[in-house]
Amino acid sequence: MLSSVAICRARRCGALLVLALLSLTTACGQTPPPAVPPAVVVDSATGKADMPWLRQLLDSSATLRRQQVGVSLADAATGAPLFGYNEAKYFTPASTMKLLTLYAGLTLLPDSLPSLRYFSRGDTLFFQGTGDPTFLHGDVPSRRAYAFLASRPEKILAYCDIACVPAYGPSWAWDDFNYYFQPERTAFPVFGNTVRFYAAAPVVQRAHAGAAVKVLPQRVRVLPRAFAPLTGPAGEGFRLSPDQDDEMHVFRAPLENHFTYVPGSKRWVDEVPYRTSRTLLLRLLGDTLRRAIVGTAWRPHPSRDSIRTLRGLRADSLYRRMLRVSDNFLAEQLLLMTSTQVGYRDSLSGQRTIRYILKNQLKTLPDRPDWVDGSGLSRLNLLTPRTLTAVLCRLHQQLPEPRLLSLLAAGGGPGTLRRRYFEPGPPKVTWFWGKTGTLTHTCNLAGYVRCKSGRLVAVTFFNNSIPGDDQATRNAMQRLLGEVRARL
């Protein structure tokens with residue numbers, strides 16, 4: 001055995017060797033790398049997770065300091081919270097509310113949309129709407145209901161009214177009636193309740209060399225054609241108001257279906273909602289089906305009449321269009337369709353769906369939402385960041401991940417995120433899928449970050465009360481979520 005003196009000498013030599021190596025490393029200009037702090041720190045006493053580095057970035061951002069900011073992150077697979085910043089405060093969510101509408105549709109609707117309800121009696125087919133927006137819609141058209149009605153053997157097609165919500169939702173901006181993003185809500189939409197105008201480039205004529213140039217009036221094609229007689233060019237100096245949007249070409253008076261277009265020097269396409277009515281609906285249906293349509297009451301006999309539902313477009317097609325381009329009309333009509341699966345079938349009511357979902361499937365959310373419409377157009381909607389993140393986690397649990405991500409706008413892909421949240425490559429790498437939410441002074445984002453480690457993180461990033469342009473806010477969100485992607 002070694003003596004104690006020998007052991008002490010060995011230890012002293014070892015220490016001197018370590019010091020020598022450190023001195024050599026320093027002499028070569030190299031220092032030991034500093035310890036990297038963990039991306040997520042968990043409090044041993046409370047079990048609460050935090051990201052101090054992300055909190056510091058949020059606090060030090062000159063852009064984000066000037067507005068109201070709320071952030072919530074969670075592991076998408078487990079639902080475990082990872083980070084919160086004003087996560088329990090309520091914000092105006094704007095179009096991120098469509099994620100709750102998606103949840104309602106996935107929970108209540110079958111794989112194919114309910115297009116219409118009907119029963120046959122003698123030589124008459126009685127039918128009524130379910131809120132399905134796809135009948136001859138320009139972007140998500142379904143010909144199932146059209147073909148069904150056009151080919152029915154009954155001599156008479158009788159449209160039956162059903163009680164429905166008002167044309168506009170609570171606190172919608174009244175002066176947006178002329179914009180494509182705010183069509184009226186109805187039980188049986190036709191052509192998406194909008195008129196589309198396609199203007200050709202002006203034609204320049206010269207009879208022969210040296211003759212004066214003649215510019216022919218710009219031709220405008222109107223669809224549906226029933227509105228062509230109600231459309232005409234504006235006179236010289238035409239303006240609706242000093243606040244008129246110069247980028248618009250077609251204008252409609254608030255309570256009329258007369259359309260005025262301003263001729264231009266280039267081709268253009270415009271889409272304007274029309275004012276709905278029962279009389280107009282019957283006319284449009286008759287024109288498109290080439291059959292007479294009459295209006296009557298819905299009075300099926302309980303014992304003799306068998307009420308059936310016609311199935312239409314695959315629901316995922318509607319969800320995908322609604323989320324990728326943030327289509328308000330599709331979202332509102334989707335919420336109406338879900339109400340056909342809840343309670344009495346004598347009306348279409350989005351509020352009935354909202355009450356049912358909040359009382360049942362979403363009753364354990366961290367904070368109860370103030371949910372008033374399907375699209376997020378209303379500023380009466382209120383959500384906390386942690387509540388929306390919880391909904392994102394539930395969606396991830398409810399759907400296979402590839403299907404869920406395919407429904408959302410993808411970074412660098414079609415939709416509202418086409419210019420952000422991807423690595424250009426090649427190959428191009430998308431690292432965020434989600435939903436934007438934009439109103440004046442509001443710029444929100446909710447969805448999923450695919451981290452470099454492969455982990456999927458559910459994130460809600462709310463920004464309210466933004467003064468001026470929101471481009472700096474969009475840049476700050478992308479920069480911070482890029483840090484999340486790199487570190488988690």
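A pocket here is an open set of grid points with protein on both sides within 12 Å along at least five of seven lines, and its lining residues have an atom within 4 Å of a point. In this predicted model, the largest pocket is lined by 34 residues and has a volume of about 750 Å³. The model also holds 2 cavities of 30 Å³ or more, and its largest nonpolar core has 52 residues.

**Largest pocket**

- Tyr180, Phe181, Val325, Ser326 and Asn328 are the lining residues that lie nearest the centre of the pocket.
- Three elements each give two or more residues to this lining: the strand β9 (194-199), the helix α7 (328-338) and the strand β23 (432-439).
- The largest share comes from β23, which supplies 4 residues.
- By class, the lining of the pocket divides into 15 polar, 11 nonpolar and 8 charged residues.

**Cavities**

- The largest cavity encloses about 60 Å³ of space.
- Its lining consists of Ser115, Thr130, Asp132, Thr134, Phe135, Ala145, Ala187, Phe188 and Pro189.
- Of these lining residues, 5 are nonpolar, 3 are polar and 1 is charged.
- The second largest cavity has a volume of about 40 Å³.
- Arg117, Gly129, Thr130, Ile162, Thr340, Arg345, Ser347 and Leu348 line the second largest cavity.
- The lining of the second largest cavity comprises 2 nonpolar, 4 polar and 2 charged residues.
- Thr130 appears in the lining of the largest cavity and also in that of the second largest cavity.

**Nonpolar cores**

- In soluble globular proteins, nonpolar side chains tend to be buried together.
- Within the largest core of 52 residues, those with the most contacts are Leu99, Leu102, Tyr319, Trp371, Leu388, Leu395 and Tyr448.
- The elements that give two or more residues to this core are the helices α3 (98-108), α6 (315-324), α7, α8 (350-359), α9 (385-398) and α10 (401-407), together with the strands β24 (442-450) and β25 (456-464).
- The largest share of this core, 7 residues, is contributed by α3.
- A second core, separate from this one, has 38 residues, among them Tyr146, Ala199, Val222 and Leu289.

**Pocket and core together**

- The helix α7 gives two or more residues to the lining of the largest pocket and two or more to the largest nonpolar core.

Note on methods. Residues numbered from 1 in each chain as written. Predicted model: local features only at pLDDT ≥ 70, side-chain atom pairs only at ≥ 80, totals over all residues. Heavy atoms only, no water. 1 Å grid on protein atoms, 1.4 Å probe; cavity = no way out; pocket = protein on both sides within 12 Å on 5 of 7 lines; lining within 4 Å. Points joined across faces, edges and corners; volume = space filled by probe spheres on them. Nonpolar A, V, L, I, M, F, W, Y, C, P; charged D, E, K, R; others polar. Core = buried A, V, L, I, M, F, W, Y, C linked by side-chain atoms within 4.5 Å. Buried < 20%, exposed > 50% of the residue type's maximum accessible area, 1.4 Å probe, protein only.
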